[in-house]
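I opened this entry to log a few look-ups. I wanted the contacts first, then the fold elements.

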Number of protein chains: 2
Amino acid sequence: MPEASSPTQTSSQTRADDAFRFLQAAIIKGELAPGEKIGEVELCDRFNLTRGPLREALGRLESRGLLVRKPHAGVRVVSISGDELLELYHIREVMEGLAARQAAERMNQKEVAELHALLDGHEKMVAEAHGLAYFQAEGDYDFHFCIVTGSQNQKLVQMLMGDLYYLLRLYRCRFSTAPGRPQKALKEHRHIAEAIALGDGELAQFLMQRHIRAARNNIESRLKDGDITL
Amino acid sequence: MPEASSPTQTSSQTRADDAFRFLQAAIIKGELAPGEKIGEVELCDRFNLTRGPLREALGRLESRGLLVRKPHAGVRVVSISGDELLELYHIREVMEGLAARQAAERMNQKEVAELHALLDGHEKMVAEAHGLAYFQAEGDYDFHFCIVTGSQNQKLVQMLMGDLYYLLRLYRCRFSTAPGRPQKALKEHRHIAEAIALGDGELAQFLMQRHIRAARNNIESRLKDGDITL
DNA sequence: TGTGGTCATATTGTCAACAATCTAAGCCTT
DNA sequence: AAGGCTTAGATTGTTGACAATATGACCACA
């Protein structure tokens, strides 16, 4: 069992917050593997926690879908099937479509300029990777994150960030990029950003949905081809 | 402070489950009012719980958006603004649209027949209320619940049931019915069910989205007219 | 060898006590 | 009267011990 991310002292308000962060990071990094059964006592030893805050963190991670808890029997890291992954993409499609529409209606000029600048940075990145990768850093530098935030629909942000994104991140690095896909994805991002800049909500929604549907179709065909197993 | 729902002994697996159920019911019934600050010790006295399971229940309710917790400062029942309510309806529109589409693709003939029977029962109910109300019991007898379940998209069910429906139920009984609206809503339900029976996912999605948009528009105009304050 | 029963141990759920933090009341100054 | 400071008490967060439940090892029997 490799040693997990080292917990360093931080400015969080509660130990439960710490616990949540440690565990989530360990899950996303695969240090706690999908399907793996994990025990409270072991986790407490490993992350230097006591059971109270740990249990609270487990509850939060459960509500995010990252863990599956069974009363009296313990906790497993979630493991989702190919079909379930595709269902997540269906949900993502409609929700991010809505986010793009609302972003088009609500983002101001400064924010739109920042979005374009973000894409300029991404374009440089793709070029440096010789078109072989389009890796987006998490958080503020992620295109999708910026659109969802730009929707200014707090509940939508919360649901996507809380319920979907972390779950999807368990799997994202599994999909090596199809040839030419980074440039294409970047172009699609550009089109979406342009629709948003024009305030054309309907078009932004349409383009975002198409973009995510393309990703879903890609995953679906690769699952069928047996290129990927989950 | 009126006495809350009486906790009766049930067959749940943990006291945390009990606590969750008691509290959720009290919130939905308005016994714990929107915006109200609630204290752990008081809740323990009231529901005959200890703080461990109670805190776990509070965490779950927080993740469902029914409570707002602030570290070291306590818990409040959520209170959402008119704008926030309308945002929820936007989300509901796209997600239930997806649910209707997937239900059209996946529900079998028996399930579709049950859906029609459900609507027959609703029609009788509306007639008995002389067109003045279209009250749907929660759970299995709720049209929307049946559609979402019929989508067979587990994550979608979970997100709608876990993140949206209970929140919306805090507010539903606030909206007295516009004249003629029950019959209209029932007719819209019928159309949706017919599209599902035909397996026409696109039409089912369109009709469901229109149905929910109508509800949102109704709420929006009444908020603007000052008919309703939250 | 396979199946069922028993029991010890490990693990999860709960409890009560202690620690940490916040809030409101009281007092003093302007 | 209003504002600021201090402190006691209330409340929330954590801890460790005990209770409840599940699991796996071992044994007996067919």
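My notes follow, grouped by topic.

**Model.** I am working from a predicted model.

**DNA strand C.** I began with the residues around this strand. I found 16 residues surrounding DNA strand C, and the closest are A:Arg51, A:Arg55, A:His72, B:Arg15 and B:Thr50. Both chains appear in that list.

I then looked up single contacts. A:Arg51 places a polar side-chain atom 2.8 Å from a base nitrogen of DNA strand C. A:Arg55 goes to the backbone of the DNA instead: an N or O atom of its side chain is 2.5 Å from a phosphate oxygen. A:His72 uses a polar backbone atom, which lies 3.0 Å from a phosphate oxygen of DNA strand C. I noted the elements that give two or more residues to this surface: α2 (40–47) and α3 (51–63) of chain A, with α1 (15–28) and α3 (51–63) of chain B.

What share of the DNA strand C atoms within 4 Å of the protein belongs to sugar or phosphate? I read 76%, with the rest in bases. By class, the surface has five nonpolar, six polar and five charged residues.

**DNA strand D.** I repeated the search here. Again 16 residues surround the strand; A:Arg15, A:Thr50, B:Arg51, B:Arg55 and B:His72 are the closest. Sugar or phosphate accounts for 74% of the strand's atoms within 4 Å of the protein.

B:Arg51 has a side-chain N or O atom 2.8 Å from a base nitrogen of DNA strand D. Two backbone contacts go to phosphate oxygens. A:Arg15 has a backbone N or O atom at 2.3 Å from one, and a polar backbone atom of B:Glu40 is 3.0 Å from one. Here α1 (15–28) and α3 of chain A and α3 of chain B each give two or more residues. The largest share, three residues, comes from α3(A). I count the classes as four nonpolar, seven polar and five charged.

**Sheet in chain A.** Three strands form an open antiparallel sheet, ordered β1-β3-β2. The edges are β1 (37–38) and β2 (67–70), each paired on one side only. I found four bridges between β2(A) and β3 (residues 74–77). A:Arg69 stands opposite A:Val75 of β3(A).

**Helix α4 of chain B.** Is this helix mostly covered or uncovered? Mostly covered: 19 of the 25 residues of α4(B) are buried. I also checked the length of α4(B), residues 82–106. At 1.5 Å a residue it should span 36 Å, and its end C-alpha atoms are 35 Å apart, which agrees.

Definitions and conventions. Residues numbered from 1 in each chain as written. Chains lettered and ligands numbered in written order. Predicted model: local features only at pLDDT ≥ 70, side-chain atom pairs only at ≥ 80, totals over all residues. Heavy atoms only, no water. Pairing = 2+ DSSP bridges. Near = heavy atom within 4 Å. Polar contact = N/O pair within 3.5 Å; in protein donor to acceptor, adjacent residues only side chain to side chain. Nonpolar A, V, L, I, M, F, W, Y, C, P; charged D, E, K, R; others polar. Expected span 1.5 Å × (residues − 1). Buried < 20%, exposed > 50% of the residue type's maximum accessible area, 1.4 Å probe, protein only.
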